[in-house]
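Please open the structure in your viewer and keep the sequence panel beside it. We will move from one selection to the next and look at what is there.

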Amino acid sequence: MKFTSKEKDLIPRELIELEKLYSIKLPKSYKEFMIKNNGMRPLREYFFKPEIWDNDIEFFNVFSIKYGSTTFEKYNINVDLDDYPEGKVTIGRSRTGYFSISVRKRDFGNVYVYYSDGEIHKLANSFVEFLNGFRAVSS
């Protein structure tokens with residue numbers, strides 16, 4: 001996937017502080033990606049496993065942890081969403097919904113897409129599998 005990093009670089013201490021502040025443990029692959037990129041925005045249109053999802057899940061972005069207007073905090077802490085999936089944190093957006101990653105023991109690291117009507121679907125067993133599931137689709 002060709003993309004641009006979103007915001008100013010993070011240092012590992014900033015992720016540790018976030019985990020402590022919100023009493024969560026984030027998956028290692030997600031943290032490694034965020035240290036390196038602090039979010040991302042694709043340089044072209046990508047869809048998650050279009051052969052399965054029929055081009056329904058268009059990738060929009062992965063939120064930065066800190067810095068910028070679309071941050072982890074904005075979408076997890078400073079919002080009041082009745083449809084927010086329990087045990088998961090929101091990590092990005094599709095064109096029509098949100099991507100979340102589980103911080104619960106039973107499905108730790110699994111990535112989901114969820115929508116404002118409460119519909120939720122598991123997409124991947126890990127953040128790496130999630131990123132590897134996107135395909136550029138020509139019009």
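Which kind of side-chain pairing brings Glu19 and Lys31 together? Select both residues and show their side chains: they meet in a salt bridge, with 3.3 Å from N to O. Keep in mind on this tour that the model is predicted.

**Stop 1: Glu19 and Lys31**

Stay with this pair and colour the helices. Glu19 sits in helix α1 and Lys31 in helix α2 (residues 28–37), so the salt bridge links distant parts of the chain, twelve residues apart. Side chains of opposite charge can pair when their charged atoms come close. Turn on the surface and you will find both Glu19 and Lys31 buried. For Glu19 the relative accessible area is 9%, and it counts as buried because that value falls under 20%. Now list what surrounds Glu19. Setting aside its neighbours within four places in sequence, its contacts are Ile24, Lys25, Leu26 and Lys31.

**Stop 2: Glu14 and Lys66**

Keep helix α1 (residues 12–22) highlighted, the home of Glu19, and select Glu14 together with Lys66. Here is another salt bridge, at 3.4 Å from N to O. Glu14 belongs to helix α1, while Lys66 lies in the loop between β4 (59–62) and α4 (72–76), and the two are 52 residues apart. Is Glu14 buried or exposed? Its relative accessibility of 9% makes Glu14 buried. Lys66, at 33%, counts as partly exposed.

**Stop 3: strand β6 and its partners**

Next, select residues 98–102, which make up strand β6. Why can this strand be called largely enclosed by the rest of the structure? Because four of its five residues are buried.

Add strand β5 (residues 88–94) to the selection: β5 and β6 run antiparallel, and five bridges join them. Follow the backbone from β5 to β6 and you will trace a hairpin through three residues. Then add strand β7 (residues 111–114), which also runs antiparallel to β6 and is joined to it by four bridges.

A good residue on which to centre the view is Ser100. In the pairing of β5 with β6, Ser100 is the bridge partner of Thr90. Towards β7, the bridge partner of Ser100 is Tyr112. While you look along these strands, recall that in a regular strand the side chains alternate between the two faces of the sheet.

**Stop 4: Lys88, Arg104 and Asp107**

Now show the side chains of Lys88 and Asp107. They form a salt bridge whose closest N and O atoms are 4.0 Å apart. Lys88 is in strand β5 and Asp107 in the loop between β6 and β7, so this pair links parts of the chain that are 19 residues apart. Add Arg104 to the view: salt bridges that share partners join Lys88, Arg104 and Asp107 into one network. Check the surface once more, and both Lys88 and Asp107 turn out to be buried. How many salt bridges does the structure hold in total? The count comes to seven.

**Stop 5: Gly118**

For the last selection, go to Gly118, in the loop between β7 and β8 (120–124). Gly118 has a relative accessibility of 44% and counts as partly exposed. Finish by drawing a distance from Gly118 to Lys28: the two are 90 residues apart in sequence and, C-alpha to C-alpha, 27 Å apart in space.

Definitions and conventions: Residues are numbered from 1 along each chain as its sequence is written. This is a predicted model: local features need pLDDT of at least 70, side-chain atom pairs count only at pLDDT 80 or more; totals for chains, interfaces and linings use all residues. Side-chain values use heavy atoms; hydrogens and water are left out. Buried means under 20% relative accessible area, exposed over 50%, partly exposed in between (1.4 Å probe, protein chains only). Two strands pair if DSSP finds at least two bridges between them. Contact means heavy atoms within 4.5 Å.
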